[in-house]
Amino acid sequence: MTVTKAIAAVARSSEPDAKVLTLDLGLDSIVLLKRQQKFSVKNIASASTFRGWLESSPSEGERWLRSRARDGDVYAMEKLGRRLLTGNGLPKSIEEGLGWLKKSAELANPFAMEKLAEYELDENDTPGSSAEGERWLRNAVEHGHRFAMVSFGSRLVTGAGLAPDPDQGEQLLCAAAQQNSQIAMIKLGTYLLAGWGVIHNREEGLRWLRRAGATNASQLLELGFYLYQKSLTSTTKAARGLAREASILFQEARRQGNPIASLNLAYLVRRGEIANASCPSLDELLSMHLNQKDSFAFVNQALRLARGVQCNIDWKAADVLFEKLEDSSNVLEWWFARSREGDPEGHLVTGWLGRHQLAVDPDGFQVAQRMDLARNGGWLVPEWMNDLATAKQNS
Amino acid sequence: MEFFQRLGSLVSRLWKERNYNEEHFPEVASRGLSELPPDLHVTFWDVTKWALTCERLPGQADLSAKFGQPPLTVFVGRDFRIEVLFWVQGIPAIHQHSFSGAFHVMHGSSLQCLWGFEPSEQVAMRLALGRVSLKKAELLRKGDSRPIIAGRQLIHSTFHLDRPSLTVVVRTLGEIDQLPQYSYLPPTIAYAQDHDVPSVLRRTQLLRMLLISGKRAEYNEIAHHVFGTEDAYSVFQFLLSTFELIEDEEEQHNLLLAAGLKHPRLIRALEPALLQLERRNKIVAIRERISNSDLQFFLALLLNIPERPAILNLVEQRYPSRDPITAILTWARELSELGVFGVRFTEPWLLMLQCLLMKSSGRETQEAFSGRYGTKQIPNLESGLGELSSGLQDSWLLQPVFQN
């Protein structure tokens, strides 16, 4: 049978006997046919971290980067610039760092352009930095840097570092998403979910998130966690935005019945990383997990009591919670990593675990040393917290 | 083996009459295969049993089994040899040959595609950019023979449909003036696979090692430097061997962006070829998991044939009594039920697929939907159908059935 014959048969084969009043075209899932099953939340959330060769051999690493940069390797120029600008692995030197980044950017490296834009928009408060940042961002977009397109769009939607222009921002994000940028899909979905800079449209937001690979509550949670982890290594301004995006995903995951999402939201609220007004109270977020004796909930509750967040400060009650911790290994893993990033809360929890002899301090610090580091970071830790807790041992 | 001794002697005699001139060898080999067709004289089991039990095998060529799974040399003559190639996995490799002769389908069946290449830039001896396009596609059945012409005159892929498939190849040992032997990546690349540069090969292996061991960040860190400084052929090989191991779209994009700074034309040409290669490998993997022979055939078409008319033709060739569009609709439904698309095809999707395959106009499509669902009362039907139509045509797997 030929094709032309078949055309005439459409009406015949489309028997009208199955007439129904509603027709679901399944447009929500048609987009999934395009993605070659490539976008998974797992991919985006499981990138390995690499601290680079400077950490394994600083002098050799620096020599290598400098020599390659001098020989014209634009990516060595960029990496050297990044490290000098942030003080990551090399003594911080903003001027020299910017110099290398500009040299690399002038040789058309879009990654260097994007970094320069980030610096000008998020870290440089001098007059004209916003315009300079926007210029670099535009250049990076023109050189095909898709993430720069996402960053530009996202800043225009949220007004981060640039005068808001939500329509243009949404257009840029859509263009990047059409080019298969998963992160653009996530951002669009998140903004639409919360009505952040764009008109609230939950269904459309969820559709974008599904396209990005988040088809259920636990994947939304994972995406949120990924964004939050990114915030930990970002500049303060960018971190705030990422934490808010994470919280939107946690809220949606919670709405879809994921219990862990409440715990994550509680963590963000307690730390003041997102506005309280947009979330339920800490009591509501934590109560179920406290009843289930969840270790993270206990530590969050203890830190809340120690800081007096939505409650009175009560170090004794907080200390009792640590005494009741049943599993401390995950707690140590998370908060010790925070201490490594210089977060005083990380020192406090690591020391607290040591005080109750729930974990051996990985750096070999005494409890009192950890508590001092927490105090230096603004925690009003009572002196008695320097001592080892004996109650549990005696009982 | 006695039969191949006879075939070898016949070919030897015919070629001697032509003064061992390579130009005549395709004709000589074809005549030999037509006078003594292997499929009428030996079976798959005869050859296998003989090879495993005979006192002494002829000297074996291609020990690393680069072409054949495995290749078995059954006769060695003056400047030519006869091989039986076993195939257990269909590989849609498009290639030319640095030898000439003829091949014969002895067991099973194959899908042969003839391709053309219009070069636009010879980047290096081993690498050229241009346009790879399908010229002809045909089904080869047991007993069919085809000539092999050395060089760019015959660029083809022979995808073996059955497991195992066996081809008998009567070929010259190699013709120096036809080197290098190019392989092709549609739609844009020709490259020499043999005679690897040792340092490029070893570095490729090291880069793969990083990705296979989960060291993505390390790979990205070093790859930018390597791609930004090495020559075009090296960068091509590195990307060819590692791209599909990078699952994250953003990382893939950034790598191409980094490499494109030094090799913009290469990367512009390579990007669509890499995406097709990734698609091809995914389909090969799906095909491996599926045992239904009809679905295997359909997947072979989606894998090898980039356009609708040729696909419909081949379905008609293979299943003369079936309507090709109905067959494709059935197979699409079955594949979706097996989870291949990651989402199950609904009735409206299948109706839209039918309309697209029939090249129905927008009005005809609306009428088909109205006829089946009485949708005249449903608002936004036109835009909904438009979205459904473009969504289906965007399907990574079904794309070729919509290409004219």
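What follows is a walk through the predicted model, from chain layout to cores, helix packing and a few backbone oddities.

Chain A is a helices-and-loops affair, with 24 helices and zero strands. Buried residues account for 45% of its 395 residues. As for how the chain folds back on itself, 48% of the chain A contacts with a separation of 6 or more link residues 24 or more positions apart. Two domains are assigned here, domain 1 covering 53–144 and domain 2 covering 313–395. Taken over C-alpha atoms, their centres sit 38 Å from each other. Chain B is split into three pieces: domain 1 (2–192), domain 2 (198–262) and domain 3 (285–402). For domain 2 and domain 3 of chain B, the separation between C-alpha centres is 36 Å.

Next, the cores. The largest nonpolar core has 136 residues, and the members touching the most others are A:A302, B:I189, B:L266 and B:L270. Helix α13 of chain A (residues 182–194) is the top contributor to this core, putting in nine residues. A second core, separate from the big one, holds 43 residues, among them A:I30, B:F298, B:F345 and B:L392. As a general matter, nonpolar side chains in soluble globular proteins tend to be buried together. Zooming in on B:I189, and skipping residues up to four places away in sequence, its contacts are B:L129, B:Y184, B:A269, B:L270 and B:A273.

Helix α11 of chain B (residues 308–318) is worth a closer look. Its buried residues are B:I311, B:L312, B:L314 and B:V315. Viewed down the α11(B) axis, these buried positions fit within an arc of 165°, so they line one face of the helix. The spacing makes sense in general terms: an α-helix has 3.6 residues a turn, so residues three or four places apart point the same way. Two of the buried residues, B:L312 and B:V315, also turn up in the contact with helix α12 of chain B, alongside B:E316. On the α12(B) side, the partners are B:P324, B:A327 and B:I328. The axes of α11(B) and α12(B) (residues 324–337) are 9 Å apart, at an angle of about 95°. That crossing makes the two helices, α11(B) and α12(B), roughly perpendicular.

Another helix pair in chain B is α13 (residues 347–357) and α15 (residues 381–393), whose axes come within 10 Å and cross at roughly 75°. This pair therefore also gets the label roughly perpendicular. From α13(B), the contact uses B:P348, B:W349, B:M352, B:L353 and B:L356, while α15(B) supplies B:L388, B:S389, B:L392 and B:Q393. B:L392 is also a member of the second core.

Finally, the backbone has a few quirks. The peptide bond from B:Q69 to B:P70 is cis, with omega near 0°. B:P70 belongs to the loop between α4 (44–53) and β1 (71–77) of chain B. That loop between α4 and β1 also contains B:D62, a non-glycine residue with a positive phi, near 50°. B:D62 is partly exposed, having 14 other C-beta atoms within 10 Å. Another cis peptide bond runs from B:P186 to B:P187, with omega near 5°. B:P187 is in the loop between β10 (182–185) and β11 (189–192) of chain B. Over in chain A, A:Q310 has a positive phi too, near 55°, despite not being glycine. The loop between α19 (295–307) and α20 (315–323) of chain A is where A:Q310 lies. A:Q310 counts as exposed because it has 12 C-beta neighbours inside 10 Å.

Notes
Residues are numbered from 1 along each chain as its sequence is written. Chains are lettered from A and ligands numbered from 1 in the order in which they are written. This is a predicted model: local features need pLDDT of at least 70, side-chain atom pairs count only at pLDDT 80 or more; totals for chains, interfaces and linings use all residues. Domain bounds come from an automatic or database domain assignment. A residue is buried if 20 or more other C-beta atoms lie within 10 Å of its own, exposed if 12 or fewer, and partly exposed in between; C-beta atoms are placed from the backbone. Helices (H or I, at least four residues) and strands (E, at least two) are DSSP runs, numbered from the N terminus. The arc is that of the directions from the helix axis to the C-beta atoms. Two residues are in contact if their C-beta atoms, placed from the backbone, lie within 7 Å. A nonpolar core is a set of buried Ala, Val, Leu, Ile, Met, Phe, Trp, Tyr and Cys residues joined through C-beta atoms within 7 Å. Axes are lines fitted to C-alpha atoms, for helices over the stretch in contact, and angles run from 0 to 180 degrees between N-to-C directions. Angles under 35 degrees count as roughly parallel, over 145 as roughly antiparallel, 65 to 115 as roughly perpendicular and the rest as oblique.
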